[in-house]
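Reader: Could you walk me through this one? I would like to begin with the strands and then move on to particular side chains.

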Amino acid sequence: FTFSSVPSSGSAYSFTLEVDVTGSSIAITWTSSVKWPDDTAPSLTDTKTHLFMFVTNDGGTTFRGAALVDYTT
């Protein structure tokens with residue numbers, strides 16, 4: 001994934017992405033600007049829904065990522 005149309009530096013910007021995993025062997029390659037806790041992207045679980053939250057305040061140079069995995073809708 002890549003993120004575009006991000007407001008300029010100094011403006012806080014956030015969004016949430018919902019991903020429904022419908023099969024096995026699913027992987028997401030995140031842009032290098034996403035920083036995860038402990039520098040490790042969350043794993044995806046087959047046939048589950050995951051919420052990914054992102055926030056930046058430097059124009060998208062760095063996005064802080066957080067995840068709610070195996071989310072029940």
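**Strand pairing and side chains**

Author: A starting point is V55, whose bridge partner in strand 4 is R64; please keep in mind that this is a predicted model.

Reader: How many bridges join strand 3 to strand 4, and do they run parallel or antiparallel?

Author: Strand 3 and strand 4, the latter covering residues 63–71, run antiparallel and are joined by 6 bridges. Another pairing into strand 4 is that of L51, which has L68 as its bridge partner.

Reader: And what about the hairpin of strand 3 and strand 4, which residue takes a positive phi there?

Author: That residue is G59, with a positive phi near 75°, in a hairpin that has 6 residues between the strands.

Reader: Which residue in strand 4 is the bridge partner of K35?

Author: The bridge partner of K35 is R64 in strand 4, and R64 is also the partner given above for V55. Strand 2 and strand 4 are joined by 2 bridges and run parallel. As general background, strands of a sheet pair through backbone hydrogen bonds, either parallel or antiparallel.

Reader: Stepping back, what is the order of the strands in the sheet?

Author: The sheet is open, with 4 strands in the order 1-3-4-2 and mixed pairing. Its edge strands are strand 1 (13–20) and strand 2 (34–35), each of which pairs on one side only.

Reader: Changing topic, where is T49, and is it buried or exposed?

Author: T49 lies in strand 3, and it counts as buried because its relative accessibility is 12%, where the cut-off for buried is under 20%.

Reader: What joins the side chains of T49 and D20?

Author: The side chains of T49 and D20 are joined by a polar contact of 2.7 Å. As for F3, which is 46 residues from T49 along the chain, the C-alpha atoms of the two residues are separated by 21 Å.

Reader: Now the surface: which residues make the nonpolar patch?

Author: The patch is made by M53, L68 and Y71, and its area is about 230 Å². L68 is the residue already mentioned as the bridge partner of L51, while M53 is found in strand 3, which spans residues 49–56.

Reader: Why is M53 called partly exposed?

Author: M53 has a relative accessible area of 30%, and it is therefore classed as partly exposed, a class that lies between the buried limit of 20% and the exposed limit of 50%.

Notes
Residues numbered from 1 in each chain as written. Predicted model: local features only at pLDDT ≥ 70, side-chain atom pairs only at ≥ 80, totals over all residues. Heavy atoms only, no water. Patch = residues over 30% accessible without salt bridge, like charges linked within 9 Å, V, L, I, M, F, W, Y side chains within 5 Å. Areas by Shrake-Rupley, 256 points an atom, 1.4 Å probe, with all protein chains shown as cover. Salt bridge = Lys/Arg side-chain N within 4 Å of Asp/Glu carboxyl O. Buried < 20%, exposed > 50% of the residue type's maximum accessible area, 1.4 Å probe, protein only. Pairing = 2+ DSSP bridges. Polar contact = N/O pair within 3.5 Å; in protein donor to acceptor, adjacent residues only side chain to side chain.
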